[in-house]
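Thanks for passing this one along. Here are my notes, written as numbered points so that you can set each beside the coordinates.

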Amino acid sequence: TADNGAIIDDEAKPDLVLSGSELDNIKSETVTCPLCQQSIDVDGSASADAALSAHIDHYQQRPIRRSTRLRTSSADAVKQEEALPEEKTSEQPTKRITRQASAKKSRKRPSPPVLRAVPVETKPAFDDLDEWAYEDQADEWIESGIRNMREMMERNESESPPGAEEYPGGLGIPAWINDRLFGYQRTGLRWMWELHTQEAGGIVGDEMGLGKTVQVCSYLGAMAASRKLDSVIIISPATMLQHWLNELKTWAPGLRRILVHASGEADGASRSLTPEMLRKLGKWLRKARRDRVNEAIDEQDYVDLDEDTFCGTGYVIVTTYENVRRMPDVISSHN
């Protein structure tokens, strides 16, 4: 027994604590047990203290049972402590499964890609495949072609320009061509015309750098201006295609240049030589000749316009041997 009136059991029995008011109740006829809250009747022959001691001894000798409230609370606490890790581990797979299901659902129904129109950059064409490109090129030649031609600085100062000339058979050499050729080049031009009249072929075998391409292009330009040429094909190594196009633009401005090679497809247009392409070119040439494009309409035009204005019309196919080998029938059947 402690000094404060508490009864302590070292064997884990319930503590019994009596307050002052409870001690006062013991002196009365009815005593309330502090353990079970049961009222104990005290008869006159026994003291209240003895009755309460007998009742407590009887209570302590019974098996100790926890109340339902305590049992439930402790059991729930144990269950919560044991279930807490399990709940965490069970939630994690649930979340993973949810994410996996969401990802699987997104894979089944992917959002449609957003298509945006991206402008394709194209470079200007090297040739005159488009009719409007040929018209622009011819107009540019008429306006400033002569001024942009190279001056023949190597010409002998004592040599006077020969001017316009007409060869036997009707080929006229305009002055703007004849005056800008070296003497040996004019000889080569005459020689090629003579071969043409004989329906023969030949080889221009000058040394490199002496202007063989210029001779051929000036010859074709004179043929176009004299209506002696409808169409021609130039077969060249791929490395020389651009060189031929440039010289044709200078010396044969009346010819519509058509490049048949993959290098000319930078503008996005196909450069395959087909019968349909040749038919369209033939139709265009007949219409241009009928309208007398780049030609004098009457005698007054020779007075009002410069001679280089009358560069004539025609078209030239510039390609490589490989392309010719692939389409021999298309080329051989064209006249």
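The points below go from the whole chain to one sheet, one helix and a few charged pairs.

1. First, a reminder that this is a predicted model. The chain holds 12 helices and nine strands. Of its 335 residues, 33% are buried. The accessible surface of the chain is about 22,600 Å², and carbon and sulfur atoms supply 51% of that area. Among contacts with a separation of 6 or more, 64% are between residues 24 or more positions apart.

2. The sheet I looked at is an open one with three strands, in the order β7-β9-β8 and with parallel pairing. Its edges are β7 (231-235) and β8 (255-260), each of which pairs on one side only. On average, neighbouring strands here are turned by 20° against each other, direction ignored. As background, strands of a sheet pair through backbone hydrogen bonds, in either a parallel or an antiparallel way.

3. If you want to check the register, start from β9 (residues 314-319), which six bridges join to β8. Leu259 has Val318 as its bridge partner in β9, and Arg257 has Val316. On the β7 side, five bridges make the link to β9; one partnership to look at is Ile235 with Thr319.

4. How many of the six residues of β9 are buried? The count is six of six, so the strand is mostly covered by the under 20% cut-off for burial. Both faces are covered: Gly314, Val316 and Val318 are buried on one side, while Tyr315, Ile317 and Thr319 are buried on the other.

5. Which helix packs on this sheet? It is α9, which touches β8 and β9, and its direction makes about 150° with that of β9. Helix α9 covers residues 275-290 and includes Arg289.

6. Arg289 deserves a closer look. Leaving aside residues up to four places away in sequence, Arg289 touches Arg227, Leu229, Asp230, Glu295, Thr313 and Gly314. Why does Arg289 count as buried? Its relative accessibility is 13%, and the cut-off for burial is under 20%, so Arg289 falls in the buried class.

7. One of the contacts of Arg289 is also a salt bridge: Arg289 pairs with Asp230, with the closest N and O atoms 3.0 Å apart. The two partners are 59 residues apart and come from distant parts of the chain, Arg289 from helix α9 and Asp230 from the loop between α7 (212-225) and β7. Asp230 is partly exposed, with a relative accessible area of 41%, whereas Arg289 is buried. In general, side chains of opposite charge can pair when their charged atoms come close.

8. The structure holds nine salt bridges, so here are some others to inspect under the 4 Å limit between nitrogen and oxygen. Asp291 pairs with Lys287, with closest N and O atoms 3.1 Å apart. Both ends are partly exposed, Asp291 at 41% and Lys287 at 47%.

9. Glu322 and Arg326 also meet in a salt bridge, at 3.5 Å from N to O. They sit four residues apart in helix α11 (residues 321-326), so about one helical turn separates them. Glu322 is partly exposed at 32%, while Arg326 is exposed at 61%. Elsewhere, Arg227, Arg292 and Glu295 are joined into one network by salt bridges that share partners. Arg227 and Glu295 also appear among the contacts of Arg289.

Terms used
Residues numbered from 1 in each chain as written. Predicted model: local features only at pLDDT ≥ 70, side-chain atom pairs only at ≥ 80, totals over all residues. Heavy atoms only, no water. Helix = DSSP H or I, 4+ residues; strand = E, 2+ residues; numbered from the N terminus. Buried < 20%, exposed > 50% of the residue type's maximum accessible area, 1.4 Å probe, protein only. Contact = heavy atoms within 4.5 Å. Areas by Shrake-Rupley, 256 points an atom, 1.4 Å probe, with all protein chains shown as cover. Pairing = 2+ DSSP bridges. Axes fitted to C-alpha atoms, helices over the stretch in contact; angles between N-to-C directions. Salt bridge = Lys/Arg side-chain N within 4 Å of Asp/Glu carboxyl O.
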